[in-house]
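Biologist: Please take a close look at one part of this model, the salt bridges around a single helix. A plain account for a first-year student would do.

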Amino acid sequence: MDARRVGGRIAAARRALTGALPLPVRITNGLAMVSLVLSSCDLLRLCSDPGRPLRFPLGGREFATVVCQLASVVYLLSLFAVPFAQPASARREEGQDGSRRSPAAVAPAPMPDCPDDGDEEIVAAVVSGELPSHRLESRLRDCRRAARLRREALRRMTGRGVEGLPFEGMDYEAILGQCCEMPVGYVQLPVGVAGPLLLDGRDYHVPMATTEGCLVASVNRGCRAIAASGGAFSVLLRDAMSRAPAVKLPSAKRAAELKMFLEAPANFEELAAVFNKSSRFGRLQGIQCALAGRNLYMRFTCSTGDAMGMNMVSKGVENVLGYLRNNFPDMDVISISGNYCSDKKATAVNWIEGRGKSVVCEATIKGRVVQSVLKTTVEKLVELNIIKNLAGSAVAGALGGFNAHASNIVTALFIATGQDPAQNVESSQCITMLEAVNEGKDLHISVTMPSIEVGTIGGGTSLTSQAACLNLLGVKGPNHGSPGANARLLATIVAGSVLAGELSLLAALAAGQLVKSHMKYNRSSKDVANSASLVAP
């Protein structure tokens, strides 16, 4: 038996001993050390006492002292067996959270990749709480192995397997510190391609990750109608990410003084110089403030190159807050984000002022295409848009939701291209306008989207699948010749895809085809057959 296995068994015995004690590991270690010190001192005192020499058999006190010292020595020596029993890549300082949990009564399953004692001990340590799950990557220095062992520990703790959750095929090194913590696998989503979308004279095949049947087919039909009518055209109105910290001053008067200082044109250049130190691409564009009593909300907006830019603008804001303390030492920073930004929330400030990329996309659909491809008429589409998207949304009290289903397309594109899906909330704010043109023969359609928040670098855009989708659109990575051009182009593609989706869904509603198409594309024949068998007599 090799030394590593011996060390492993000693460490296992120590875990069994400490597992039987209702005390955290740090406390048991400390008690062992105290016991060793006290018993050693007592033995030294007894040995140095000439009036009371040690004799065998030992007395009760001497026997207890020797036993305590031997037990402490064995326990403490077993601590060194833990790193000795593990492979070199795993010899890292073991983090402990001081808590202890009872593992679920689940029999260990063999781990086919690496069934050695080192893996088994690490899984046992995670299950017992001795090794926190979030420290596996730093402990092992192997992200894939950490995910695999975490997955096995999860199975033992819950008593439920995750066999249906894929593990192979993910680059776990790529997501470390960027996309996801404590991974155990990944979720599969089908990706469909709609198009070509003829936008600004170029064709784009649009990748969409979705589980909603009929969505890709609907956008594809809209793309066909747009292409048959000469294509769509886009205008980017603004490109500015925002962050709005909340600060508190001693009085409303003092808060107003800070507001005037920030908004004074004479101070902008100095504030911009401080802000722009944080990045080569982050450039301050403006500061807009709002007051609520003695609380001040400062909305900083800046360009962010090809990144979506939340981290970039946040670092710039921190620089300015540090600078402001020189003139306003009584300023109390409550939060780097005071919800006046506004991130991942449907708000009027984003709807009016915009956030990220503000885009308008339009197309004129020929009357014959409306009839042949969309199976309806110009008159019906215009009336439907007024009653549904405009009046219906107003009755519902919508905030930026004057559209048929912009969020469907935005979310599918965001997931496929590695954007933050939660930013679908403000990125889907859209007003869809339809009107008859050319003496009522043709249809003009437009979508105005003031808050499309996208990037082509950073976050999920670096993952292999998402990078492939960005590459399909021709916007992968940074644009070195014109920083920010790729992200701006992606925003216009999002708007163009929304235009196609709006056109097709409105046509389906006007023609009364919505239910029929969903029954065809959004219902599995297998599921329908199973359901029928369940209710059959």
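Modeller: What follows covers the salt bridges of one helix and then the nonpolar cores. This is a predicted model, in which local features need pLDDT of at least 70 and side-chain atom pairs count only at pLDDT 80 or more, while totals for chains, interfaces and linings use all residues. Residues are numbered from 1 along each chain as its sequence is written, and side-chain values use heavy atoms, with hydrogens and water left out.

A salt bridge here is a side-chain nitrogen of Lys or Arg within 4 Å of a carboxyl oxygen of Asp or Glu. By this rule the count is 17. One of these joins Arg145 to Asp119, with the closest N and O atoms 2.4 Å apart. Arg145 belongs to helix H6 (residues 143-158) and Asp119 to helix H4 (residues 117-128), so this pair ties together parts 26 residues apart in sequence. Helices are DSSP runs of H or I with at least four residues, numbered from the N terminus.

Are these two residues buried or exposed? Buried means under 20% relative accessible area, exposed over 50%, and partly exposed in between, with a 1.4 Å probe and protein chains only. Arg145 counts as buried because its relative accessibility is 9%. Asp119 also counts as buried, at 0%.

Asp119 has a salt bridge with Arg148 as well, at 3.2 Å from N to O. Arg148 lies in helix H6 and Asp119 in helix H4, so the pair ties together parts that are 29 residues apart in sequence. Arg148 is buried too, as is Asp119.

Helix H6 also holds a salt bridge within itself. The side chains of Glu152 and Arg156 meet at 2.8 Å, N to O. Both residues lie in helix H6, 4 residues apart, which is about one turn of the helix. Glu152 is buried at 9% relative accessible area, and Arg156 is buried at 6%. Elsewhere, salt bridges that share partners join Asp343, Lys344, Arg355, Asp420, Glu426 and Glu453 into one network.

Now the nonpolar cores. A nonpolar core is a set of buried Ala, Val, Leu, Ile, Met, Phe, Trp, Tyr and Cys residues joined through side-chain atoms within 4.5 Å. The largest one has 55 residues, of which Met208, Ile365 and Leu443 touch the most other members. Helix H18 (residues 485-510) supplies its largest share, 12 residues. Apart from this core lies another, of 28 residues, including Ala255 and Phe300.

Technical notes: Helices (H or I, at least four residues) and strands (E, at least two) are DSSP runs, numbered from the N terminus.
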